[in-house]
Amino acid sequence: MAVVYLARMSPEGRPESVEGKVRRLFDAAGLGECVEPEDIVAVKVHIGERGNKTHVPARYVRPIVDKVKARGGRPFLTDTNTLYKGMRSDAVDHIALAEEHGFSLEGVGAPFIVADGLLGHNEVEVEIDGELHKEVAVADILADVQAIVAASHLTGHPLTGFGGTLKNLGMGFSSRKGKLAQHSKMPPRVDSEKCKGCGTCIRWCPVGAAEVRRNAAFIVEEKCISCGECLAVCRFGAVSFSWDQGSEVLQRRMVEHAWGAVMGKEGKAGYFLFLTSVTKGCDCFGDPGKPLFPDIGVLASQDPVAIDQAGLDLVEQETGKSLSEWAYPQVDPTVQLEHAERIGMGSRDYELVGVA
Ligand code: SF4
Ligand code: SF4
């Protein structure tokens, strides 16, 4: 059975205490065993879109960097470029924003290196025995690293129900081609009665498929890649999506890309999941909303499925409501967990061990 370690937030919730918890969790979960001297170690982060204040802050990642170095490893911080047109869609802006948010050599003691190159095209095809994919396109940097530590943030997500470790690995380590392969071919629709013509979806659409027609947004189906960004950024609920088909396929494809990202890293990958500042929207949003409930704590494990399952279970136990009920009740987020377990990525059964 998988083991997941939990350091609860201290009652006073002092932010400076989290760093110590991360250090103790690293040791308790045996993550040091994943790192051998001279290993190049990818510390997977999400630096947060510009304006986002609720992502995992750089100071929580510093103890991971320190621990990897103490084992003789050579850590660097990393993430891939986004499909949507924000401040992380190419490496030039991405690195500048990482610096701004403290994810830098000066800020945490390790450089930030974009995993899939200047424009998201640097990739390797990894063979997997998935149900939907036999090979997946992930960031080429993964071929050259010996170990991975992923620092993920639990949030809601409009398309996948929640974002945690599996999403951080699956979408977060895929190249542009890999990200495109995960989206279904079902374009969303705009309700012109609800649309305010604000233009946000048009600015975020990565392929220019959203345009204004008769004072309302319109999605050109032939151009649309069904990435769901317009759905995510519309504040007026004007964009709708076929949840049952679109979300389920996306979750399963995402999981298979996550599997490809860690393929060959058995015993060389560790995971943190931060149940802090849990918001309805994910860290790709400049404004993902206020935290839904008080901080719960931080998890660590060597099992990427168990840690996400434990994160969702803790939210329900501690708040009396599931994260789905808090965020996106129309999406069944267990699809990704079931699929990940079925293909052999990890276990939904786990033992939860408290760490002081
Ligand atoms: S973001 Fe929403 S309200 Fe704004 S133009 Fe797009 S569909 Fe209309
Ligand atoms: S779902 Fe289609 S229209 Fe919406 S942002 Fe993505 S590509 Fe553009």
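These legends go with four close-up views of a predicted model. Local features need pLDDT of at least 70, side-chain atom pairs count only at pLDDT 80 or more, and totals for chains, interfaces and linings use all residues. Residues are numbered from 1 along each chain as its sequence is written, while chains are lettered from A and ligands numbered from 1 in the order in which they are written.

**View 1. Here's the whole open sheet.** Its eight strands (DSSP runs of E, at least two residues, numbered from the N terminus) follow the order E4-E3-E2-E7-E14-E15-E1-E16, with mixed pairing. Pairing takes at least two DSSP bridges between strands. E4 (112-114) and E16 sit at the edges, each pairing on one side only. Neighbouring strands are turned by 25° against each other on average, direction ignored; the axes are lines fitted to C-alpha atoms.

**View 2. Now look at strand E1 (residues 2-8) and its partners.** With E16 (residues 350-354), E1 runs parallel through five bridges, and Val3 stands opposite Glu351. With E15 (residues 297-301), E1 runs antiparallel, again through five bridges, and Val4 faces Ser301.

**View 3. Over to strand E3 (residues 74-79) and E4.** Three bridges join this parallel pair, with Leu77 opposite Phe112.

**View 4. Finally, meet the shell around ligand 2.** It holds 15 residues (C-beta atom, placed from the backbone, within 6 Å of the ligand), and Cys205, Cys224, Cys227, Glu229 and Cys230 come nearest. By class, twelve are nonpolar, two polar and one charged. Nonpolar covers Ala, Val, Leu, Ile, Met, Phe, Trp, Tyr, Cys and Pro; charged covers Asp, Glu, Lys and Arg; the others, Gly among them, count as polar.

How values were computed. Helices (H or I, at least four residues) and strands (E, at least two) are DSSP runs, numbered from the N terminus. Axes are lines fitted to C-alpha atoms, for helices over the stretch in contact, and angles run from 0 to 180 degrees between N-to-C directions.
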